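Visitor: Could you take me on a close look at one part of this model, the surface that faces the DNA, and then show me what lies around that part?

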2 protein chains.
Amino acid sequence: MLKNILDNRDEYQPGLSIDCVIFGFHENQLKVLLVKTKHPDKWALPGGFVPINEDIDQAAVSVLHARTGLKGIFLRQFYTFGAVKRNENHFSNRVLNFGGILSEEGKWYFSRFVTVGYYALVDLMQTIPQPEGKNEIVEWIDHNVVPDLILDHKEILDKALETLRMELNLMPVGYNLLPEKFTIPELQKLYETILGRKLDRRNFLRKITAIGILTKLDEKKSNVAHKAPNLYSFDRDKYNEVVRNGLHQGW
Amino acid sequence: MLKNILDNRDEYQPGLSIDCVIFGFHENQLKVLLVKTKHPDKWALPGGFVPINEDIDQAAVSVLHARTGLKGIFLRQFYTFGAVKRNENHFSNRVLNFGGILSEEGKWYFSRFVTVGYYALVDLMQTIPQPEGKNEIVEWIDHNVVPDLILDHKEILDKALETLRMELNLMPVGYNLLPEKFTIPELQKLYETILGRKLDRRNFLRKITAIGILTKLDEKKSNVAHKAPNLYSFDRDKYNEVVRNGLHQGW
DNA sequence: ACAAAAGTGTTTGGCGTACACCCATGA
DNA sequence: TCATGGGTGTACGCCAAACACTTTTGT
């Protein structure tokens with residue numbers, strides 16, 4: 001990837017990158033897709049550069065697709081990070097030597113990169129995390145136990161979560177994070193996990209159904225302890241309509 | 001400015017710019033500071049480029065200071081615009097010839113610029129709009145009657161206003177937009193203008209005072225028709241505290 | 001005296017919070 | 001049969017929307 005970018009740097013928007021905070025939900029945990037490269041030996045958000053002839057939104061879609069194999073999912077720009085020092089120690093000399101990079105060209109790398117942050121909501125079970133080459137590991141990690149990240153990626157992650165929490169008051173969430181069929185308690189767990197606090201079962205049911213985006217299925221979850229919860233699905237049309245028109249409430 | 005940037009382009013972050021939507025309030029009108037250059041003969045948002053060794057936030061502060069003479073005022077990043085075609089027709093050949101720019105160097109200009117949008121709230125009466133050179137006009141224009149703007153600046157302006165409306169539910173507004181002393185009806189007009197709809201006098205008073213950021217002065221506005229309204233000022237400490245901790249309500 | 005705008009108080013309905021009870025299932 | 005979690009209904013309180021009346025000032 002490093003070498004690739006260097007060889008073709010005229011094809012990329014200079015000094016600009018994209019970083020994606022990809023959220024998934026599994027076993028009542030809100031997870032984030034992280035990438036670990038050997039050089040440096042740290043975790044990072046999946047990111048990429050912006051081709052000269054591509055919208056930055058499209059570049060974000062590309063990053064997402066490259067890492068998850070998914071298309072057409074929820075993706076939203078939330079902030080742009082452009083502090084001078086944000087990536088000053090990113091590429092150590094060791095790395096540059098490793099890549100066989102001349103000091104002249106290295107200048108391109110040492111310069112400040114402004115990065116545009118996007119966050120995505122995906123169905124974790126439908127994704128196939130895709131490493132680029134053998135030096136990479138891609139993993140879903142619980143957002144509560146994220147390790148040290150490179151540069152300001154922790155800050156980016158935090159801002160993404162903060163934005164998601166805000167937007168929870170403006171739109172419904174779950175369509176992209178949950179499987180086709182799900183139960184109300186599962187959806188509630190998702191909300192609780194994002195918000196970081198408990199909600200009342202019964203009030204949650206009333207509020208979430210009042211939005212009018214859920215279809216109660218004539219089916220119950222099987223093989224579960226205790227009373228079998230009802231299965232629901234999203235009414236896609238109404239869901240999208242509400243996402244467009246916005247929601248006016250709070251959690 | 002054009003020539004200046006070209007001569008020193010190694011000192012600026014390539015392909016990146018800052019655009020500021022500067023809001024002011026005067027005579028019950030929400031106004032925006034716009035710049036008109038002769039080439040092309042159109043209005044634009046005040047903007048600038050980002051020095052290599054300056055945070056993008058700092059660059060936005062610089063633009064604001066350069067145009068209004070103000071420092072330390074409310075300024076917030078709201079979105080980044082990076083469509084490929086957003087500035088493809090910005091600099092016509094006429095302009096490039098006018099500036100004596102070689103086609104080789106012109107390439108720098110024809111390339112896509114990603115721009116980071118900031119919006120600011122300022123006290124219009126304290127500003128001294130400052131044109132750069134004799135080819136520029138800088139003016140406060142009512143946000144309801146903005147003329148055609150260059151490129152996607154109308155889109156940027158709209159997004160700024162949309163963001164401001166959203167943030168009105170999360171924080172109080174007025175400290176930077178109004179003079180030291182003001183009346184409740186004036187503050188209400190400000191809110192109504194931003195939101196684009198009427199509010200109830202009495203409910204507004206109750207809600208705005210309940211926040212606890214206003215100090216009722218022992219003074220009334222003089223020389224006004226009808227009953228003299230009371231003057232208020234903001235309690236700066238409490239105001240800032242609320243801005244930090246956030247507000248949870250709606251208008 | 002009258003018009004117009006500011007200041008004060010009251011009623012009402014809806015929504016959010018809290019809680020009690022019943023139902024279904026696996027161990 | 002008991003523990004656990006899901007499903008349904010209700011009571012309370014607060015806040016926001018709607019509205020009536022009084023007060024003050026300029027003409």
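**The surface near DNA strand D**

Guide: By class, the surface near DNA strand D is made up of nine charged, five nonpolar and four polar residues. Here Ala, Val, Leu, Ile, Met, Phe, Trp, Tyr, Cys and Pro count as nonpolar, Asp, Glu, Lys and Arg as charged, and the others, Gly among them, as polar. Please keep in mind that this is a predicted model, in which local features need pLDDT of at least 70 and side-chain atom pairs count only at pLDDT 80 or more, while totals for chains, interfaces and linings use all residues. Residues are numbered from 1 along each chain as its sequence is written, chains are lettered from A and ligands numbered from 1 in the order in which they are written, and side-chain values use heavy atoms, with hydrogens and water left out.

In total, 18 residues surround DNA strand D, and the closest are A:R201, A:R202, A:H226, A:N230 and B:R202; a residue is near the strand if one of its heavy atoms lies within 4 Å of it. Sugar and phosphate account for 43% of the atoms of DNA strand D that come within 4 Å of the protein.

Now for individual polar contacts (pairs of N or O atoms within 3.5 Å; within protein, one must be able to donate a hydrogen and the other to accept it, and residues adjacent in sequence count only if both atoms are side-chain atoms). A polar backbone atom of A:N230 sits 2.8 Å from a phosphate oxygen of DNA strand D. In chain B, a backbone N or O atom of B:H226 is 3.4 Å from a sugar or linking oxygen of the strand, and an N or O atom in the side chain of B:R206 is 3.5 Å from a base nitrogen.

Helix 7 (201-210) of chain A and helix 7 (201-210) of chain B each supply at least two residues of this surface. Helices (H or I, at least four residues) and strands (E, at least two) are DSSP runs, numbered from the N terminus. At the N-terminal end of helix 7 of chain A, A:D200 acts as a cap, with a side-chain oxygen 2.9 Å from the backbone nitrogen of A:R202. After this helix comes A:G212, with a positive phi near 85°.

Let us finish with the sheet in chain A: three strands form an open sheet in the order 8-10-9, with antiparallel pairing. Its edge strands, strand 8 (182-183) and strand 9 (214-220), each pair on one side only; two strands pair if DSSP finds at least two bridges between them. Strand 8 meets strand 10 (residues 230-234) over two bridges, and A:F182 stands opposite A:Y232 in strand 10.
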